[in-house]
Amino acid sequence: MATKTPAAKTESVLSLRQKLARYSTVRNWLLLLVFWEIIGQLRLVADGALPAPSAILARMWVDWADYPPHIWATLEGAGAGFLIGNAVAIAAGVLFATFPLTQRLARGVNVALFALPPIAVSPILVITFSDMTPRIILAAIGCYFVTMSATVTGIQQTDRRIVDVVHAYGGRQWKTLIYAQMRSAIPAILSGLRVAAPNAVLGSILAEFGGGGRFGLGVYLIGSLGRGEPDRLWGIGLSATVIAGLAYLLFSLIATRLTGTSKAVTVPASPPAPKAEKSMVLTLALGTVSFALPFLLWWLMLAIMGTPAMIAKTPVGLFDYLFMMPSSLVSLGKLATALGQTLPMTMVGMAVGLSFAFALALCSVLYTAIIRGFMPVALVTQTMPLVALTPLLVLILGRGPSLILWITVSVTFFPAFVTMAQGLSMVSRAAIEVPKAYGAGPFRQLWLVSIPASLPYLFAATRLAVPRALLGVMIAEWLATGKGLGNLLNQSRGYLDYGMIWSVSVVSVLISVLFYQIVVAIEQRVLSKRGMAPAQ
Amino acid sequence: MNAEHGITINQVSRSFTGRGTLVQALSDVSLDCPEGSFTALIGPSGCGKSTLLRLALGLDAPDSGQVLISGMTPQAAAKSGKTGVAFQDAALMPWRTVEDNILLPLDVLGRKRSAYHDEVAKLVKLVGLDGFEKALPGELSGGMRQRAAIARALVTRPEILFLDEPFGALDQILRRQMNVELQRIWMESNATTLLVTHGIDEAIFLADRVVVMQSKPGRISRIIDVPFDRPRTPDLFAHPTFHALEKEIAEALDGH
């Protein structure tokens, strides 16, 4: 008995500590809620633009009859997109992992799908397709990249020795896939699906912003934007958040049930790197094909759809519109002006968001207690369709340039912070304790260990931030400021200027991909010099 | 002697390029393991013993030379189910029960599980895992996992058995117990066996002959016959001849 007591005691102390930690999370949320309620009641933010939670709930009660059709429509688009997108993603992931060459060929398509700002392609989807299809496509695109990279990573991380056992009995690719790789990839795929679920909701809502259809939370949100009723807007925004959060939770539960593990919430921002080819010619050829493939698919898609050339621009049609027509100069001028307005905002917002995230992530190393309270909040924002909540920020911040900055900062800050903080928490204790053992202070420790160790995560966060920042700016422009690419897109929609809609879409995707590639290029240079591998 | 049901390794060479330098993992290696023999491969890290085993398993192909397993190419032998293998650290699939793990080779070879029902029950008993058929690898101790891996290696009734440091992850005490058990299991199976190991005492205790390898380039430097009769008992570890052999092998490893 005497030997048993201390063990039992530590156990109870541990569980008490866990209880306290859980309790402190709940306490932080409650504090936040109370704080919000007070601010709302006193109408402290922009003369009531941030209503109290009680007011929002009251309004939801009044509007209750409006919600079901909108929620169902969004769920329908998101659900169908989730199924299709993930089925394609898993099949593609298996293909890429089994035949690495295909992955190199598809790199262009993969990066384009990752980097494209959904709002930019939403109008062309709406004019090319009808009914639910645009929503399903955007929801599917939102799922594709996450699940595809999770599948590839999962398959590639299969225990080598297990694969060897299958090989040693004469099993080749197919049997290895069935008996070893697919099964061991399941936890990775599930954690991919978990991130994909809220993405699907977000994709559907963004497609709804682009028009087409009477129902959907996005439609409801846009429709209510002009009426200046903050409590209703917040109700819609919060319902979207809850749906996305529930989708996330559902797959977390499935993952825990099936695998007994729950993985960290990080969003993959890079296609897993296939092995480099030695031959220069082959590399060049693969690169060219991979670059050309997205354009080819774009062309093929339109050819199959048989959409009239007036509405649907092929790459050649777009070239004609931008360079060969009498009106080309005017179009190019408009595009250049819009770019001139959008790009600086994107850059500044991204820089501020990332530096803020980096600074706070470093603080998390120095002051772990602060972060323990903050991290749950930050994690929830991962599942929040933050960009879909832009209308709420319009309400609070008005329609000036500060709005754009705030939106860009907020959509880049949270994912970047979560990525970097998790990266930093993975730095081994021993590595941190070595300088400590030689008497280094906290800042020296940061400089010697934490900052260098967090470089891969800083880059991963930047890769993640690039498309989000552009998306944030464009949504703000579309909905509020009346400037830049987002506004040009919205205007052209009104003028039925199909050439311009396509131009803006394609240009914004290209810019996003270009930024992404620049980040990747810098990352490769910096990390390979330090013998580090890029973080997922 | 060309072994009909043994292992024939004929002037095999294999090199790798890593970080711009050429590493000669195996240089002109020849080895014959006659039917029913037990051969131990021992050598320092990087001497190519694992490479040799991978070649024999058909997991890798030689640059030159030939490997024959039961008179067939390694791949053909693997596909016909003539070989069995146990790797270091068990390499069990964590999501399969002990029984399902033992049955894995049959799944890969596309054989009917039902035909092996009795065989599996016998093997489970043989390796002393009765009662744990439905356990997952995570619930077993290291030694039990290793025994499951050995049962898996034996399930196809292989003519040829490859053991790649099967007890490398176990502690010395458990390892000796496992050596005694492996000998018992092996004597019942009659398979031609090739054991890759780091342990000198393990090699002597189990094998008919010990093949000592050297690195840079990977080659066979000496073959030492082990004269003891079977079954060998744990007392053997204290036998003077055993110590003399240990000394001889240690010196061979040092390059004398």
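Start by selecting helix H10 of chain A, residues 217-225. In this helix, A:Leu217, A:Gly218, A:Val219, A:Tyr220, A:Leu221, A:Ser224 and A:Leu225 are buried; buried means under 20% relative accessible area, exposed means over 50%, and partly exposed lies in between, with a 1.4 Å probe and protein chains only. Because seven of its nine residues are buried, H10 is largely enclosed by the rest of the structure. Helices here are DSSP runs of H or I with at least four residues, strands are E runs with at least two, and both are numbered from the N terminus.

A quick note before moving on: this is a predicted model, in which local features need pLDDT of at least 70 and side-chain atom pairs count only at pLDDT 80 or more, while totals for chains, interfaces and linings use all residues. Residues are numbered from 1 along each chain as its sequence is written, chains are lettered from A and ligands numbered from 1 in the order in which they are written, and side-chain values use heavy atoms, leaving out hydrogens and water.

**Chain A as a whole**

Now colour chain A by secondary structure: you should find 21 helices and zero strands. Of its 536 residues, 51% count as buried.

**Salt bridges inside chain A**

Next, select A:Arg59 and A:Asp63. Their side chains meet in a salt bridge (3.1 Å, N to O); the term stands for a side-chain nitrogen of Lys or Arg within 4 Å of a carboxyl oxygen of Asp or Glu. Both A:Arg59 and A:Asp63 are buried. Add A:Asp66, A:Asp231 and A:Arg232 to your selection, and you have a network linked by salt bridges.

Then go to A:Arg135 and A:Glu208, whose side chains meet in a salt bridge at 3.7 Å, N to O. This pair links distant parts of the chain: A:Arg135 sits in helix H7, A:Glu208 in helix H9 (residues 173-209), and they are 73 residues apart. Are these two buried or exposed? A:Arg135 counts as buried because its relative accessibility is 3%, and A:Glu208 counts as buried at 2%.

Stay with helix H7 (residues 133-156) and pick A:Gln156. This residue is partly exposed, with a relative accessible area of 43%. Draw a C-alpha to C-alpha distance from A:Gln156 to A:Thr98: it should read 8.9 Å, although the two are 58 residues apart in sequence.

**Where the chains meet**

Show both chains together. The contact (heavy atoms within 4.5 Å) takes 28 residues from chain B and 17 residues from chain A. Which residues form a salt bridge between the chains? Zoom in on A:Asp164 and B:Arg54, where the closest N and O atoms are 2.8 Å apart. Across this interface the rule finds one salt bridge. On the chain B side, at least two residues each come from helix H1 (49-57), helix H2 (74-79), strand S5 (83-86), helix H3 (98-109) and helix H5 (142-154). H3 of chain B gives the most, with five residues.

**A last stop in chain B**

While you are at chain B, select B:Asp100 and B:Arg113, which form a salt bridge with the closest N and O atoms 3.1 Å apart. B:Asp100 lies in helix H3 and B:Arg113 in the loop between H3 and helix H4 (117-126), 13 residues apart. B:Asp100 is partly exposed at 24% relative accessible area, and B:Arg113 is partly exposed at 33%. Over all chains, the structure holds 24 salt bridges.
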